[in-house]
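Colleague: I'm new to reading models like this one, and I'd love a close look at a single part of it. Could you pick a place where helices pack and walk me through it slowly?

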Amino acid sequence: MPETESKLTDLYEHPGHLLRRAQQISVSIFYDEMGDELTPVQYAMLRNLERHPGIDQVSLSAVSGIDTSTGATVCARLAEKGLLTRTVIPTNRRQRALTITAAGEQLLADLIPASQRLRRRLLAPLTGPEQLQFMELLTKLVQENNEQSRAPLASREG
């Protein structure tokens, strides 16, 4: 048995359990700081749309690490809120090209201070060097296990 692995009888020795708890904490702090106008997934989709104007729903879902059916529902909800527009792509009538609206751009701009507070609060228990190391290791964990996801993250380049 590797030195870093016990019998794993304590649930808090399981990285998956700790990641789930960290996600619960992150979502709670998200709503504390960002309010309830957007869910974390809606925020991620809108923020990625800002970086990729005109992207189609399937591709936006892929760069957000969200399955396509959830992505379509999220895009429909964001359109209902007036934060994005969906336009049928003439060459592929099953797809929708997405454009962030002025209201969506303004909302994202307004949320920048809240997102900064969210990050600070979430990482506050760690020292500055620990925060950098944690983000490096968390990024590596996500990137190296990407293909294990039910919705693998597409390249974020662009």
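Modeller: Happy to, and I'll begin with the whole chain before moving to the helix pair and then to two single residues.

Please keep in mind that this is a predicted model. Its secondary structure consists of six helices and two strands. If you follow the sequence from start to end, the elements come in the pattern α-α-α-α-β-β-α-α. The C-alpha trace spans about 60 × 35 × 25 Å along its principal axes. Of the 158 residues in the chain, 26% are buried. Among the contacts with a separation of 6 or more, 52% are between residues 24 or more positions apart.

Now for the part you asked about. Two packed helices are described by the angle between their axes and the distance between the axes. Here the pair is helix α2, residues 40-51, and helix α4, residues 68-80. Their axes lie 10 Å apart, and the helices pack at an angle of about 80°. Angles of 65 to 115 degrees count as roughly perpendicular, and therefore α2 and α4 are roughly perpendicular to each other. On the α2 side, the contact is made by Val41, Gln42, Met45 and Leu46. On the α4 side, Gly71, Val74, Cys75, Arg77 and Leu78 take part. Try finding these residues in the picture, one helix at a time.

Next, let's look at Tyr31, which sits in helix α1, residues 15-34. Leaving aside residues up to four places away in sequence, Tyr31 touches Asp36, Leu38, Thr39 and Pro40. Pro40 also belongs to helix α2, which covers residues 40-51. Is Tyr31 buried or exposed? The answer falls in the middle: Tyr31 counts as partly exposed because its relative accessibility is 34%, and the partly exposed class lies between 20% and 50%. Tyr31 also shows how sequence and space can tell separate stories: Tyr31 and Ala114 are 83 residues apart in sequence, with 9.8 Å between their C-alpha atoms.

For another pair, turn to Asn145, in the segment after α6 (128-144). Asn145 and Gly104 are 41 residues apart in sequence, and their C-alpha atoms are 32 Å apart in space. Asn145 has 40% relative accessibility, so this residue counts as partly exposed.

Finally, a word on the surface and the charges. The accessible surface of the chain comes to about 10,600 Å², and carbon and sulfur atoms account for 54% of that area. The chain carries 18 positive and 19 negative side chains, and the centres of these two sets are 6 Å apart.

Technical notes
Residues numbered from 1 in each chain as written. Predicted model: local features only at pLDDT ≥ 70, side-chain atom pairs only at ≥ 80, totals over all residues. Heavy atoms only, no water. Helix = DSSP H or I, 4+ residues; strand = E, 2+ residues; numbered from the N terminus. Buried < 20%, exposed > 50% of the residue type's maximum accessible area, 1.4 Å probe, protein only. Contact = heavy atoms within 4.5 Å. Areas by Shrake-Rupley, 256 points an atom, 1.4 Å probe, with all protein chains shown as cover. Lys, Arg positive; Asp, Glu negative; His and termini not counted. Charge placed at Lys NZ, Arg CZ, Asp CG, Glu CD. Axes fitted to C-alpha atoms, helices over the stretch in contact; angles between N-to-C directions. Parallel < 35°, antiparallel > 145°, perpendicular 65-115°, else oblique.
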